[in-house]
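Hi,

Here is the structure I promised to pass on. Have a look at it first, and then read my notes below.

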2 protein chains.
Amino acid sequence: MPKVVICGAGLVGALNACFFARRGWDVEIYEFREDIRQMEHVPGRSINLALSCRGKTALEAVGLKDYIVEQGVKMFARLVHNQDGVTMSRQPYGQPGEHIVSINRRHLNEVMITQAEGYDNVKFFFEHKVRQMDLKKKTVVVEQPDTGVRLDVEGDLILACDGAHSAIRRSMMAVPQFNFSQEYIEHGYIELNILPEKDNFALEPNVFHLWPRGDFTLIALANTDKTFTTTLFAPFRIFEERMSNDKDVVQFFTEFFPDALKKIGVDALLETFNRIKPQTLISVKCKPHSFAGRVLFMGDAAHAMVPFYGQGMNAGFEDCLVLKEKLDECNDDIEKALEVYSRERCLDAHTINDLAMYNYLELKDLVNHLSYKLRKKFDLFANKWLPSTWVPLYSMVTFTRTPYHKVVEVRKWQDQVLKQAFNVFLLAAVTGGAFVAAKHFKML
Amino acid sequence: MPKVVICGAGLVGALNACFFARRGWDVEIYEFREDIRQMEHVPGRSINLALSCRGKTALEAVGLKDYIVEQGVKMFARLVHNQDGVTMSRQPYGQPGEHIVSINRRHLNEVMITQAEGYDNVKFFFEHKVRQMDLKKKTVVVEQPDTGVRLDVEGDLILACDGAHSAIRRSMMAVPQFNFSQEYIEHGYIELNILPEKDNFALEPNVFHLWPRGDFTLIALANTDKTFTTTLFAPFRIFEERMSNDKDVVQFFTEFFPDALKKIGVDALLETFNRIKPQTLISVKCKPHSFAGRVLFMGDAAHAMVPFYGQGMNAGFEDCLVLKEKLDECNDDIEKALEVYSRERCLDAHTINDLAMYNYLELKDLVNHLSYKLRKKFDLFANKWLPSTWVPLYSMVTFTRTPYHKVVEVRKWQDQVLKQAFNVFLLAAVTGGAFVAAKHFKML
């Protein structure tokens, strides 16, 4: 059986381990952290994730979907909180019943590691730091814990699932024809917490809470322990200028998020602001994703994106599923499968990356615009009556596995149809108006 | 006196050494190659460069301009060779007398190293490989020759002049807020040679020879030894599909560059094609250019560009001059000077990068379009009568030190003026036409 070396035991690495274990391959996973199941506090990325169709389908393929979904909180709509701290408006994500699932990152990761570990053909190497790819020797250079000794690890297939700052990727920056970009956005984020009130959720649990305020935005997602992970996104400039001391922080929340402030509590708010700094948000694109018929970048190593479409994890999980599908199609011919994968997946990854960046604008501001709301309403209405013909952009991304690049093509077609319909409507209105006027003045 | 550590003794590194030597600073330069003055063959980048105003001004500031320019060949126009192999058309670069200078890269680099070495406060360390920047210790990690021992080199200012694949830059990829992109274009290039005929230039020497053929292009620049460095730019796909064997190569040149083929010679052409492979062309952008008040990316490490505006070296030399100016303005306050430099220079570097990419299209194809030629002619005509008001884009880039970002602003203003003038002309024509028609039909 072939051997796959997986760099990184994060979400995408651990899911890949499950896929290849079921395929019967020998699986080795190298992870620089200790086993997160034994850690008290796991530093790093945000706590909450929104699981949707692509992610669910990938989990289903390894038999984990139902178990995971049961341990999340379903969200059926966005609930937009206005600045008065009282009024709200609700925007359903799709048709009645369609939803996404709020999931705890750490729990999800732990479940997948335990699942993978259950297979005989899977070996985890925690506290082994992946340093680089040696393309000449076709090995991964891994540093052993304590001793610092470097090992050359061989594999028929090497999956770089080592995140947005991938060491594998960095060591391959000088490979000719490797296109790459990393872009930080102006916004950073800080994670807060809303505790239960009287043993119950302090806010409505089954919605995605949103406080859009132009250039900055607060969101809150429910957890099964009845807390809400609450995240403030704002430009670093705003953090510096308007939230640099306790008084200003309270003032800022009082002005813009009065209802949220009541739920978070002033003391907890200040404790968090004094303990942690705003984190950066990065967007990564590269092309190709595969090298030398053996190495493949997956998940954030291939396409880290800003979190505003809730597709980072879902795209990463779908990567695993697409790789499985390509290996099936190519009868385990690794070189051929990687070539097809990279050709198709680069385009899809670039597209969802751009969509996430676009949604960054949308979440910030557009949700409050009338034209945006009308379009949302029209899309859902049309979708209800023409469910297979007219699927809204968000629904295609979130509730289907339509390849991301096709999603955008369909959206362009929709825009074209609406534009033409509007022109016809306008022409009819003008003609009708002229007719009525002519009648009125007895010219006809 | 402060100490500057320069990584790389290429064109930009060596020129920086001259600047800081004159400033009286202690200068250390680390270069992974041996001293190119003692090498028989220097591998790497293309042989020929076009020196223009920005580069000249920088060389002048260290007293090298006249000496360098004398050893180059002046070029006053593009000479476009048509596919029939006989007819040609001439496009002057500017007003009579305005020119660029064809220079040999190696010779230029050698002269600058010798010049820098003449100062007591300059030390060169050849065969010392710069490995990375250690931002915590604020040192450059340099590998000694033979022993491979790594040294920590300290400096008040650290200039990364280590090229498009800068090791310093690579070691800083994970610095928060560092935006970076590298993009390879579809085209590669192969350098050929046209030898003298009867001890004289085989083609007219004082022009830039150009054979534009849509998707691929041949250029030739004269050298003082009466040879011409001749470069074919074509998509890798075309190299593979249409130049994969001797017969096809000859067929390709016979079809598209018949006159050039006669000068190059079939044997020499095939010898080159069998010896070397097409080289890649990369475009690099990053932001910021400075870090921690101490490290600065310059030249290709900051802004490698495609070679189609002939500005790569000129922009790199201007970097050195701008740094000198900023240090002067800030009274040698390094941190402040770097901050101002990076803020202004990033924008200019991005702009010339984009212009070079745009000229990639122009050189490929546009030069043969009527509208392009008319605009060129109009620009030069307007410039002749309004020399300070109307300076063509190419002239601003090539014959002035107008900051690159301003060049583009001015060009936009020019486009606007022309558009409005055209509208007025159109209105006048229509009105006049209507008037004449009305007269004709005796309606007035």
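Let's start in chain B, where S1(B), helix H1 (residues 11-23) and S2(B) make a right-handed β-α-β unit. Keep in mind as you read that this is a predicted model.

The two strands of that unit, S1 (residues 3-7) and S2 (residues 26-31) of chain B, run parallel and are joined by 5 bridges. If you want a spot to click on, B:Cys7 stands opposite B:Tyr30 in S2(B). S1(B) also pairs with strand S12 (residues 157-160) of chain B, again in the parallel sense, over 4 bridges. There, B:Ile6 has B:Leu159 as its bridge partner in S12(B). S1(B) is mostly covered, with 4 of its 5 residues buried.

You'll probably ask about the cysteines. How many disulfides does the structure hold over all chains? The count is 0. As a reminder, a disulfide is a covalent bond between the sulfur atoms of two cysteines. The cut-off used here is 2.5 Å between the sulfurs. For B:Cys7, the closest cysteine sulfur is that of B:Cys161, and at 7.3 Å it is too far for a bond. B:Cys161 in turn has its closest cysteine sulfur in B:Cys320, 6.6 Å away, which is also too far for a bond. As for their surroundings, B:Cys7 is buried, with a relative accessible area of 0%. B:Cys161 counts as buried too, at 9% relative accessibility.

Now over to chain A, and a small sheet there. It is an open one, with 3 strands in the order S3-S7-S4 and antiparallel pairing. S3 (48-51) and S4 of chain A are at the edges with a single partner strand each, so one side of each has no neighbour in the sheet. On average, neighbouring strands of this sheet are turned by 35° against each other, direction ignored. S3(A) and S7 (residues 100-104) of chain A are held in register by 4 bridges and run antiparallel. One pair to look for is A:Leu51 with its bridge partner A:Val101 in S7(A). Helix H4 (residues 105-117) of chain A lies across S3 and S7 of that chain, running at about 80° to S7(A).

One residue in this sheet that you might like to zoom in on is A:Lys74, found in strand S4 (residues 73-75) of chain A. Is A:Lys74 buried or exposed? Neither, quite: A:Lys74 is partly exposed, with a relative accessible area of 37%. Leaving out residues up to four places away in sequence, A:Lys74 touches A:His99, A:Ile100, A:Val101, A:Pro205, A:Asn206 and A:Val207. The C-alpha atoms of A:Lys74 and A:Ile103 are separated by 9.1 Å, with the two residues 29 apart along the chain.

Last, how the two chains go together. Chain A superposes on chain B by a rotation of 180° with 0.0 Å of shift along its axis, at an RMSD of 0.1 Å. That is the relation of a two-fold axis. In chain A, the C-alpha nearest the axis belongs to A:Ser181, 2.0 Å from it. As for the contact itself, 100% of the interface residues of chain A are also interface residues in chain B, so the copies meet through the same surface.

Cheers

Conventions: Residues are numbered from 1 along each chain as its sequence is written. Chains are lettered from A and ligands numbered from 1 in the order in which they are written. This is a predicted model: local features need pLDDT of at least 70, side-chain atom pairs count only at pLDDT 80 or more; totals for chains, interfaces and linings use all residues. Side-chain values use heavy atoms; hydrogens and water are left out. Copies are superposed by least squares on the C-alpha atoms of residues with pLDDT of at least 70 in both. Contact means heavy atoms within 4.5 Å. Buried means under 20% relative accessible area, exposed over 50%, partly exposed in between (1.4 Å probe, protein chains only). Two strands pair if DSSP finds at least two bridges between them. A crossover is right-handed if, with the strands pointing away from the viewer, the path from the first strand over the helix to the second runs clockwise. Axes are lines fitted to C-alpha atoms, for helices over the stretch in contact, and angles run from 0 to 180 degrees between N-to-C directions.
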